[in-house]
Amino acid sequence: MSPHTYATHLHWDGSTAAGIRSYSRDHVATAPPADAEVALSADPAFRGDAGRLNPEQLVVMAASSCQMLSFLGAAARAGIDVLSYDDEATSHLDLTAAPARLGTISLAVTVTVAAGTDAARVQEVAEQAHRACYIANSLSVPVEVTTTVVGE
C-alpha cells in the first residue's frame with residue numbers, strides 16, 4: 001500500500017512588536033492539491049476573530065468528519081442503506097489540565113436508514129467505524145460517539 005502523506009501550508013503576516021495584545025491572530029491555510037483556502041484565527045477568548053474557524057474547532061470537525069466517513073464506508077460494505085447522517089460534535093478547552101488541552105470530544109450522531117433496517121446492526125457498524133477512525137485513533141483525548149438510529 002502506498003503511503004498517505006498529508007501536507008499543508010499556513011501563512012501569517014503582521015507584527016508582534018507591540019506585544020501580546022496587539023498582533024493579529026488571523027491566518028490562512030491550504031492543503032494542496034485542494035484549492036480551498038481556510039481562513040483561521042484564534043478562539044475569540046484569545047483575541048481571535050469569531051468569524052473564522054479556530055484550531056480547536058478544526059480538531060473537533062476532523063473527528064466528526066472522520067467518524068462519518070468511516071461509518072458510511074462500513075455501512076456500505078455491510079449493505080446498510082444510510083439515507084442521512086447528522087452529527088452535533090462538541091468539546092471544550094480544559095485550561096486546568098497540565099498542559100491545557102481539549103477535553104473529551106463528544107459526537108452526537110443521528111443516522112437515518114431505510115425502513116426495515118436492523119437498528120442493532122447499525123449500532124454495531126457505528127462501533128466498528130469508531131474503532132477504525134484514523135483521527136480518533138490519532139488523538140490523545142477520548143472521542144465518544146453516541147449514535148441514534150432513525151428508520152424512515
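Here is a chat about the sheets, pockets and two chosen residues of a predicted model.

User: Hi! What kind of model is this, and how are residues numbered?

Analyst: Hello! This is a predicted model, where local features need pLDDT of at least 70, side-chain atom pairs count only at pLDDT 80 or more, and totals for chains, interfaces and linings use all residues. Residues are numbered from 1 along each chain as its sequence is written, and side-chain values use heavy atoms, with hydrogens and water left out.

User: Cool. Let's start with the sheet holding strand 1. What order do the strands come in?

Analyst: That open sheet has 3 strands in the order 1-2-3, with antiparallel pairing. Strands here are DSSP runs of E with at least two residues, helices are runs of H or I with at least four residues, and both are numbered from the N terminus. Two strands pair if DSSP finds at least two bridges between them.

User: Which ones are at the edges?

Analyst: Strand 1 (9-11) and strand 3 are the edge strands, and each pairs on one side only. From one strand to the next, the twist averages 20 degrees. For angles like this, axes are lines fitted to C-alpha atoms, for helices over the stretch in contact, and the values run from 0 to 180 degrees between N-to-C directions.

User: How many bridges join strand 1 to strand 2?

Analyst: There are 3 bridges between them, and the two strands run antiparallel. As an example, His-11 has Val-28 in strand 2 as its bridge partner.

User: Okay, now the sheet with strand 4. How is that one paired?

Analyst: It is an open sheet of 3 strands in the order 4-7-8, and its pairing is mixed. Strand 4 and strand 8 (143-151) stand at the edges with a single partner strand each, so one side of each has no neighbour in the sheet. Direction ignored, neighbouring strands of this sheet are turned by 15 degrees against each other on average.

User: Where does the mix come from?

Analyst: Strand 4 pairs with strand 7 (residues 105-113) in the antiparallel sense over 8 bridges, while strand 7 and strand 8 run parallel and are joined by 9 bridges. You can look for some pairs yourself: Asp-86 has Thr-110 in strand 7 as its bridge partner, Tyr-85 has Val-111 in strand 7, and Leu-107 stands opposite Val-145 in strand 8.

User: Which way do side chains point in a strand?

Analyst: As a general rule, side chains in a regular strand alternate between the two faces of the sheet.

User: Let's zoom in on Thr-112. Is it buried or exposed?

Analyst: Thr-112 has 15% relative accessibility, so it counts as buried. Buried means under 20% relative accessible area, exposed means over 50%, and partly exposed lies in between (1.4 Å probe, protein chains only). Thr-112 sits in strand 7.

User: What does Thr-112 touch?

Analyst: Not counting residues up to four places away in sequence, Thr-112 touches Asp-81, Val-82, Leu-83, Ser-84, Val-150 and Glu-152. A contact is heavy atoms within 4.5 Å.

User: And Asn-137, buried or exposed?

Analyst: Asn-137 is exposed, with a relative accessible area of 52%. You'll find Asn-137 in helix 3 (residues 134-138). Leaving aside neighbours within four places in sequence, Asn-137 is in contact with His-130, Arg-131 and Ala-132. Asn-137 and Ala-7 lie 130 residues apart in sequence and 19 Å apart in space, C-alpha to C-alpha.

User: Switching to pockets: how much space lies in the largest one?

Analyst: About 320 Å³. A pocket is found on a 1 Å grid over the protein atoms alone, as an open set of points where a 1.4 Å probe fits, with protein on both sides within 12 Å along at least five of seven lines; lining residues have an atom within 4 Å of a point. Grid points are joined across faces, edges and corners, and the volume is the space filled by probe spheres set on the points.

User: What lines the largest pocket?

Analyst: It has 14 lining residues, and Thr-8, Ala-31, Val-38, Leu-58 and Ala-62 lie nearest its centre. Helix 1 gives the most to this lining, with 4 residues.

User: What about the second largest pocket, how big is its volume?

Analyst: The second largest pocket has a volume of about 240 Å³. It is lined by 13 residues, with Glu-56, Gln-57, Val-60, Thr-90 and Ser-91 the closest to its centre. Helix 1 supplies the largest share of that lining, 5 residues.
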